[in-house]
Amino acid sequence: MVLCPPRVSAGAGWLRSRALLRTRTVRTDLLVSVRCLDGVAQRLVLRDAFGRRIEIHSQVLVANPGLWYRLDEDAHTSEARGSPRCGATALHRVSGRIDRETARRVFKVSGLE
């Protein structure tokens, strides 16, 4: 699995992770649960209203600000509809971490670090 990491893509209302043998898609505008799994590699577990589930390493979101932006926008849509039953705090915590990492990268690239 290390040699062939999952490829993550997103569009309006969906997020997809494609690995060697499996593709998983979740509706990000219909999220019912968001969990943050801490460990060696922090992962975000998303579950939609249809019961579909996807795990994404937070480093993937840090490395791809456009992907994070898409997920964040859809999560806010889902939150406005009142569909997430649990995990809004976890999503906000990951959001803060990604914002800090992105700012750190911008400062480093621009020489302001």
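Arg 27 has a relative accessible area of 30%, so this residue is partly exposed. The model in which Arg 27 sits is a predicted one. The side chain of Arg 27 forms a salt bridge with that of Asp 29, with 2.8 Å from N to O. Asp 29 has a relative accessibility of 11% and is therefore buried, since the cut-off for buried is under 20%. The salt bridge thus joins a partly exposed arginine to a buried aspartate.

This pair is part of a longer list, as the count for the model comes to six salt bridges. Two others involve Glu 55. In one of them, the side chain of Glu 55 meets that of Arg 43, at 3.0 Å from N to O. Glu 55 belongs to strand E6, which covers residues 53-57, while Arg 43 belongs to strand E5, residues 43-48, so this salt bridge ties together parts that are twelve residues apart in sequence. Neither partner is buried: Glu 55 is partly exposed at 32% relative accessibility, and Arg 43 is partly exposed at 28%.

The other salt bridge of Glu 55 is with Arg 53, where the N to O distance is 2.7 Å. Arg 53, at 26% relative accessibility, also counts as partly exposed. Because Glu 55 is a partner in both salt bridges, Arg 43, Arg 53 and Glu 55 are joined into one network.

From the strands the reader can turn to the helices. Two packed helices are described by the angle between their axes and the distance between the axes. Here the helices are H2, residues 65-81, and H3, residues 88-110; their axes come within 12 Å and cross at roughly 155°. That angle makes H2 roughly antiparallel to H3, because angles over 145 degrees count as roughly antiparallel. The crossing of the two helices is left-handed.

Which residues of H2 and H3 make the contact? On the H2 side they are Trp 68, Ala 75, His 76 and Glu 79. H3 contributes Ala 88, Leu 91, His 92, Val 94, Ser 95, Ile 98 and Asp 99. By residue class, the contact of H2 with H3 divides into six nonpolar, three polar and two charged residues.

Two features of the model can be taken together at the end. In the strands, Arg 43, Arg 53 and Glu 55 are linked into one network by salt bridges that share partners. In the helices, H2 and H3 are roughly antiparallel, and their contact includes Trp 68 of H2 and Leu 91 of H3.

Notes:
Residues are numbered from 1 along each chain as its sequence is written. This is a predicted model: local features need pLDDT of at least 70, side-chain atom pairs count only at pLDDT 80 or more; totals for chains, interfaces and linings use all residues. Side-chain values use heavy atoms; hydrogens and water are left out. A salt bridge is a side-chain nitrogen of Lys or Arg within 4 Å of a carboxyl oxygen of Asp or Glu. Buried means under 20% relative accessible area, exposed over 50%, partly exposed in between (1.4 Å probe, protein chains only). Helices (H or I, at least four residues) and strands (E, at least two) are DSSP runs, numbered from the N terminus. Axes are lines fitted to C-alpha atoms, for helices over the stretch in contact, and angles run from 0 to 180 degrees between N-to-C directions. Angles under 35 degrees count as roughly parallel, over 145 as roughly antiparallel, 65 to 115 as roughly perpendicular and the rest as oblique. A crossing is left-handed if the near helix is turned anticlockwise from the far one by less than a right angle, and right-handed if clockwise. Contact means heavy atoms within 4.5 Å. Ala, Val, Leu, Ile, Met, Phe, Trp, Tyr, Cys and Pro count as nonpolar, Asp, Glu, Lys and Arg as charged, and the others, Gly among them, as polar.
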